[in-house]
Amino acid sequence: LEIYLGNGDVKDAFHRFRLRRDFALWFGVWNATAGELRIVGQRAGDELVGFHDPLDLVWTSLPMGFSWSSAIAQDVTLFLCQSAGISEDCILCEDEPPPGTFAEVVTVTTDDTVLIHTDPSAATARLSKLDAAFDACGIPRNKEKDISLSDSVTALGCDLGNFPPLAEPSAVKAAAFIGSTL
């Protein structure tokens with residue numbers, strides 16, 4: 001069975017996703033003095049003392065490294081998949097049984113999407129719809145990571161491929177990890 005692989009990735013996801021105004025109050029980065037930072041935890045009613053005006057926010061994008069930012073990025077990526085017409089039944093999830101058919105299988109991890117198809121024309125159509133969903137939402141793709149109809153791909157630190165059949169950790173990524181650990 002030959003498979004066709006595709007990969008889509010949001011460029012600089014954690015610098016692109018804007019927080020809703022009501023979330024920005026809690027997760028945004030403020031234009032603040034050291035003295036003001038000392039009182040940030042104090043509350044007066046439902047507002048933070050010293051920070052009443054949302055215009056005091058100097059950065060309202062999601063910083064990297066927090067579990068909630070990964071969850072929001074994954075939620076946005078799943079929305080893009082739905083917008084491209086990908087059925088939830090095709091998306092691999094450890095809490096659900098695998099898809100009934102493997103004509104289209106999708107993995108979503110944070111802002112990284114891997115598409116696996118058995119039909120090249122279906123793969124081309126789906127990748128085109130996914131690109132259109134990115135564009136419609138104004139979300140730039142990491143074009144260096146875009147892969148369409150390949151017989152092999154490195155995604156999420158794993159090498160996947162047809163010839164030979166392959167699903168294993170990437171030797172290049174593993175070597176970099178081991179080197180940095182040492």
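**Strands, a hairpin and a greasy patch**

Visitor: Which residue stands opposite Val-114 in β7?
Guide: Keep in mind that we're looking at a predicted model. Strand β6 covers residues 104-109 and runs antiparallel to β7, with 6 bridges joining the two. Opposite Val-114 in β7 stands Thr-107.

Visitor: And which residue takes a positive phi in the hairpin of β6 and β7?
Guide: That hairpin has 2 residues between the strands. The phi in question is near 55 degrees, and the residue that takes it is Thr-110.

Visitor: β1 pairs with β7 too, so I hear; which residue stands opposite Ile-116 in β7?
Guide: In general, strands of a sheet pair through backbone hydrogen bonds, either parallel or antiparallel. Here β1, residues 4-9, pairs with β7 in the antiparallel sense over 6 bridges. Facing Ile-116 in β7 is Leu-5.

Visitor: How many residues of β7 are buried?
Guide: Let's take the strand face by face. One side has Asp-112, Val-114 and Ile-116, all buried. The other side has Thr-113, Leu-115 and His-117, buried as well. For the strand, residues 112-117, the count of buried residues is 6 of 6.

Visitor: Moving on, which strands stand at the edges of the open sheet of β9, β10 and β11?
Guide: This sheet of 3 strands has the order β9-β10-β11, with antiparallel pairing. Two of its strands have a single partner strand each, so one side of each is left without a neighbour in the sheet. Those edge strands are β9 (152-155) and β11 (166-169).

Visitor: What does the twist average from one strand to the next in that sheet?
Guide: Think of the sheet in its order, β9-β10-β11. Going from one strand to the next, the twist averages 15 degrees.

Visitor: What is the bridge partner of Thr-154 in β10?
Guide: β9 and β10 (residues 158-161) run antiparallel, joined by 4 bridges. Within β10, Thr-154 has as its bridge partner Asp-159.

Visitor: Is Ile-178 buried, partly exposed or exposed?
Guide: Ile-178 lies in helix α6, residues 171-181. Together with Phe-177 and Leu-182, Ile-178 forms a nonpolar surface patch of about 400 Å² of accessible area. Buried would need under 20% relative accessible area and exposed over 50%. Since the value for Ile-178 is 48%, the residue counts as partly exposed.

Visitor: Last one: what share of the residues in the protein chain count as buried?
Guide: The chain has 6 helices and 11 strands. Its accessible surface comes to about 11100 Å², 57% of which belongs to carbon and sulfur atoms. Of its 182 residues, the share that count as buried is 34%.

Methods
Residues are numbered from 1 along each chain as its sequence is written. This is a predicted model: local features need pLDDT of at least 70, side-chain atom pairs count only at pLDDT 80 or more; totals for chains, interfaces and linings use all residues. Side-chain values use heavy atoms; hydrogens and water are left out. Patches are made of residues with over 30% relative accessible area and no salt bridge: like charges are joined within 9 Å, nonpolar side chains (Val, Leu, Ile, Met, Phe, Trp, Tyr) within 5 Å. Accessible areas come from the Shrake-Rupley method with a 1.4 Å probe; for residues, only the protein chains shown count as cover. A salt bridge is a side-chain nitrogen of Lys or Arg within 4 Å of a carboxyl oxygen of Asp or Glu. Buried means under 20% relative accessible area, exposed over 50%, partly exposed in between (1.4 Å probe, protein chains only). Two strands pair if DSSP finds at least two bridges between them. Axes are lines fitted to C-alpha atoms, for helices over the stretch in contact, and angles run from 0 to 180 degrees between N-to-C directions.
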